[in-house]
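Grab a pencil and work through the exercises below. Try each task yourself before you read its solution.

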Amino acid sequence: MKKFIKIFVVLLLFAVNSLVCSQESKVSAASINTSSQSLSFNLDQESVSDSVYAIQNHLDVPGNMVVFTANDINKLSLYENILKPLHIPLFLEDNEFKQISPDAILSQKEEKINGEKNIVVPTKTTLVALYNANGKITVLQNDEPINSSASVQRFLNHPENTEQSIIDDFRDDMNKLVSTKKSESMSISAANDQGDILTSIRKTFTVNGTYTGIGGTKNNYVAGKAVTDYIIYSNTTGSHFYVLADSQISPAGVASTNNAVWTTGYKSNIRTNSTTNSLISWSPDSSALKLNSDTKFTVGVSASATGLQLSFTYSWSGAASANLQSTGSKTSGLTTEYFYKDDGKGLATSMFKTGHGALIKATNKVLSFSASHQFRNDNVYSNSNTWYSTNSTNLSYSFN
């Protein structure tokens, strides 16, 4: 009997030790920074497919964050295994989005824009962060050029854009956006009469360009850089959504100091990509607005019948005598905001802010749209412009 008890105790101690080791292993799979309430996963080294409940429990607490990093994140896998079960959106490439939405209407490739050469710069996602901002789960998604030259800085390699700094900025901005204090507001002047914020997806990215210098030397440079919050509002029934693209744009020559290049035009594109979604209106709605220093323009929707009434005011901080053209087509579902200069000079000598919005009707209470950015650049060695465009990435978000 004593021998049996001794064997039982040994087995019990072994089981307890195994359980402890197992729990320690699970904890070491992700680094937890308790001071900032963040949980981090390096997807190049570990799988998170079985961590959905742990991540959900962590994100249930306001102020908590989950960060995923990799050299090239498999967005479809991350979305299907973690984000989709938690009702969290993510921008996906065309081939990825087609797998979850077989009936999706994908964007057509543009070889030329206004008769000028267009180069689409393929990107990859290197960081995704999920943050509980006062009860709303918000998303940060950083995209970098796939074929990045060693001489060209990626977004996260810019001195002011360390991984920690963009995470900190994201956290601070989302706390202001989804604030419990009425005295706090976004960096833009906003009046929210009707409409609830569902979530916000911040995309940070760079696009690279090239030009031929003296002696035929090929030079690589940053053709444009942006931080855009795609803020999603809805009415109380989920029949109508408003997408606000709130952007901070750094044109060529500003994104990375280079006096040989400049941006003469910039476009923001939002397009419905599902037969169940239709573009109702867009803003600004202007065929030709002349912009000078501090010229104000309004973005929003005033359609009380839809249960949405929103107004956001922006001030132009770019070059004088710039133009704003913001158009849309209910047939194609595409709305484009276009800033440009007629004289071929630079659009801005510093970062500028702008907003672009689309009112979308969803018959199935699921918002579905694509988004892209385009930079029209020139340089001192050429007398023609070249467009550099991001991929059109796709997002789906269910009201329920």
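**Exercise 1. Find where Lys345 sits, and decide whether it is buried or exposed.**

Solution. Start with the location: Lys345 belongs to the loop between E18 and strand E19 (352-362). Keep in mind that this is a predicted model. Next, look at the accessibility. The relative accessible area of Lys345 is 54%, and exposed means over 50%, so Lys345 is exposed. Last, check a partner along the chain: Asn379 is 34 residues away from Lys345 in sequence, while their C-alpha atoms are 10.0 Å apart in space.

**Exercise 2. Do the same for Leu92: where is it, and is it buried or exposed?**

Solution. Leu92 is found in the loop between helix H3 (75-83) and helix H4 (94-100). Its relative accessibility is 1%, and the limit for buried is under 20%, so Leu92 counts as buried. Now try the distance to Tyr79: the two are 13 residues apart in sequence, and 8.8 Å separates them from C-alpha to C-alpha.

**Exercise 3. Work out which kind of aromatic pair Tyr131 and Phe170 make.**

Solution. The structure has 18 aromatic pairs, so to speak a good stock to practise on. Take the ring centres of Tyr131 and Phe170, which are 6.3 Å apart. Then take the angle: the planes meet at 65°, and over 60 degrees counts as edge-to-face, so that is what this pair is. Where do the two rings come from? Tyr131 is in strand E6 (residues 123-133) and Phe170 is in helix H5 (residues 163-177), so the pair links distant parts of the chain, 39 residues apart. Both Tyr131 and Phe170 are buried.

**Exercise 4. Now classify the pair Phe297 and Phe339.**

Solution. Here the ring centres are 6.2 Å apart and the planes are at 55°. That angle falls between the 30 and 60 degree limits, so the pair is tilted. Phe297 lies in strand E15 (residues 296-303) and Phe339 in strand E18 (residues 334-340), so parts that are 42 residues apart in sequence get tied together by this pair. Phe297 and Phe339 are buried. For a wider view, put both into their aromatic cluster, which also includes Tyr266, Tyr314, Trp316, Phe352 and Phe375.

**Exercise 5. Which rings does Lys267 lie over?**

Solution. Go ring by ring. Lys267 sits over the face of Tyr338, 4.9 Å from the ring centre. Lys267 also sits over the face of Trp387, and here the distance to the ring centre is 5.2 Å.

**Exercise 6. How many residues does the largest nonpolar core have, and which of them have the most contacts inside it?**

Solution. The count is 48 residues, and Tyr233, Tyr242, Leu244 and Phe339 have the most contacts inside this core. Another core lies apart from it, with 43 residues, including Phe68, Ala70, Tyr79 and Val139. You've met two of these names before: Phe339 in the tilted pair, and Tyr79 as the partner of Leu92 in the distance check.

**Exercise 7. Describe the largest cavity: how much space lies in it, and which element gives the most to its lining?**

Solution. First, the idea: rolling a probe the size of a water molecule over the atoms shows where empty space is left. The structure holds one cavity of 30 Å³ or more. About 90 Å³ of space lies in the largest cavity. Its lining includes Thr123, Asp143, Lys203, Tyr230 and His373. Strand E9 (196-212) and strand E20 (366-379) are the elements that give two or more residues to this lining, and E20 gives the most, with three. Finish by sorting the lining residues: three are nonpolar, six are polar and two are charged.

Notes. Residues are numbered from 1 along each chain as its sequence is written. This is a predicted model: local features need pLDDT of at least 70, side-chain atom pairs count only at pLDDT 80 or more; totals for chains, interfaces and linings use all residues. Side-chain values use heavy atoms; hydrogens and water are left out. A nonpolar core is a set of buried Ala, Val, Leu, Ile, Met, Phe, Trp, Tyr and Cys residues joined through side-chain atoms within 4.5 Å. Buried means under 20% relative accessible area, exposed over 50%, partly exposed in between (1.4 Å probe, protein chains only). On a 1 Å grid over the protein atoms alone, a cavity is a set of points where a 1.4 Å probe fits but cannot get out, and a pocket is an open set with protein on both sides within 12 Å along at least five of seven lines; lining residues have an atom within 4 Å of a point. Grid points are joined across faces, edges and corners, and a volume is the space filled by probe spheres set on the points. Helices (H or I, at least four residues) and strands (E, at least two) are DSSP runs, numbered from the N terminus. Ala, Val, Leu, Ile, Met, Phe, Trp, Tyr, Cys and Pro count as nonpolar, Asp, Glu, Lys and Arg as charged, and the others, Gly among them, as polar. Rings of Phe, Tyr and Trp (its six-membered ring) pair if their centres lie within 6.5 Å; planes under 30 degrees apart count as stacked, over 60 as edge-to-face and the rest as tilted. A charge sits over a ring if NZ of Lys or CZ of Arg is within 6 Å of the ring centre and within 35 degrees of the ring normal.
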